[in-house]
Amino acid sequence: MNPYILATLLFGLGLGTTITFASSHWLLAWMGLEINTLAIIPLMAQHHHPRAVEATTKYFLTQATAAATLLFAGTTNAWLTGQWDIQQLHHPIPTIMITTALALKIGIAPLHSWLPEVLQGLDLTTGLILSTWQKLAPFILLIQIQPTSPNILMMLGLISVLVGGWGGLNQTQLRKILAYSSIAHLGWMLLVMQFSPSLSFLTLITYFIMTSSTFLVFKLNKSTSINALATSWAKAPMITTLAPLVLLSLGGLPPLTGFMPKWLILQELTKQSFALPATVAALAALLSLYFYLRLSYAMTLTSSANNLTGITPWRLPSSQLTLPLAISTIATVSLLPLTPAMTALLTL
């Protein structure tokens, strides 16, 4: 892609998210979400592969449906309350509609079916943007309206945690596994959003760091399936040694960084006398941990049966920049000791 066009599209992504962040009016928030969507669509379809075009079409139709629902809900709220302000959302009908639209935008279960299929059709770089940056703007809107819909958020959170765990068990494609991982992590964020929005946002940032490391590791190895991970030792032995720590951190295994937000969320749910949802979420986390263990096993304890004696593709040097991978991996592995500092920041 032409670098000027790429810079324009990336600027559009940043502009759309910033407009949504800064808006207190539903029309401006909708406009920011639309700019965001239109900026990523050329990035998704840039390879002109039929699978990429199919994924782009599915994404566009899904986002258009969610945006239309959001705009209709904002108009309904203005008709019922006389206010376009995002904070003035007190009627149950527009509240449910807006929550549903935002859930569809970021792929929260049971409105998640598009996410694994779309992510499977994208390259790993665009998939990383879709799994991280594209979730920021709708998530901030959810945080702003969360006091008015606690029961909906709790229900959506539990369904997402369960669907994200069960859905990833039988997958062999890495991008689909990461899609179900995204659904499960978003469920954890929704569970605690009504009690501690700052903790929910901390969980989102931690998820972004761990997911960035995972995508960059897979991109460095040029791996898109579990079987392709078996060649990791020949491609990058050091990264292959650290990758299980990244994957298990994403699964929330103590004493790694991903355990920290899950522990804080379970603690907060227990404090609020929601022991049953906390128990269900903790058990569902074991499902997610299983397929992360499966990836770790395939990457470190298996080897490819097709190692030829000549020059093989996995021995060629990668052109990927390693600095972002190094930074995200170090953050993923070493953030846990900073938990007291981060929890102190949450109380400011």
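**Exercise 1. In this predicted model, determine how much space lies in the largest cavity and which residues line it.**

Solution.
Step 1. The volume is taken up first: the largest cavity holds about 60 Å³ of space.
Step 2. Cavities of 30 Å³ or more are then counted, and the count comes to four.
Step 3. The lining of the largest cavity consists of Leu33, Asn36, Thr37, Tyr59, Gln63, Lys105, Gln134, Ala137 and Pro138.
Step 4. The lining is next assigned to helices. At least two lining residues come from each of α2 (26–44), α3 (50–81) and α7 (136–145). Helix α2 gives the largest share, three residues.

**Exercise 2. Classify isoleucine 5 as buried, partly exposed or exposed, and place it in its surroundings.**

Solution.
Step 1. Isoleucine 5 belongs to helix α1, which covers residues 3–22.
Step 2. The relative accessible area of isoleucine 5 is 47%. Buried requires under 20% and exposed over 50%; isoleucine 5 is therefore partly exposed.
Step 3. On the surface, Ile5 forms a nonpolar patch with Met1, Leu6 and Leu10. Together the four residues of this patch have about 340 Å² of accessible area.

**Exercise 3. State what the chain looks like over residues 177–195 and 274–293, two of the spans that UniProt labels "transmembrane region".**

Solution.
Step 1. The label comes from an unreviewed UniProt entry, which also places it at other spans, including 57–80 and 233–254.
Step 2. Residues 177–195 are 89% helix and 0% strand, with end C-alpha atoms 29 Å apart.
Step 3. Residues 274–293 are 95% helix and 0% strand, and their end C-alpha atoms lie 29 Å apart.

Technical notes. Residues are numbered from 1 along each chain as its sequence is written. This is a predicted model: local features need pLDDT of at least 70, side-chain atom pairs count only at pLDDT 80 or more; totals for chains, interfaces and linings use all residues. Side-chain values use heavy atoms; hydrogens and water are left out. Patches are made of residues with over 30% relative accessible area and no salt bridge: like charges are joined within 9 Å, nonpolar side chains (Val, Leu, Ile, Met, Phe, Trp, Tyr) within 5 Å. Accessible areas come from the Shrake-Rupley method with a 1.4 Å probe; for residues, only the protein chains shown count as cover. A salt bridge is a side-chain nitrogen of Lys or Arg within 4 Å of a carboxyl oxygen of Asp or Glu. Helices (H or I, at least four residues) and strands (E, at least two) are DSSP runs, numbered from the N terminus. Buried means under 20% relative accessible area, exposed over 50%, partly exposed in between (1.4 Å probe, protein chains only). UniProt positions are given in the numbering used here, feature names are shortened, and annotations may be inferred rather than shown by experiment. On a 1 Å grid over the protein atoms alone, a cavity is a set of points where a 1.4 Å probe fits but cannot get out, and a pocket is an open set with protein on both sides within 12 Å along at least five of seven lines; lining residues have an atom within 4 Å of a point. Grid points are joined across faces, edges and corners, and a volume is the space filled by probe spheres set on the points.
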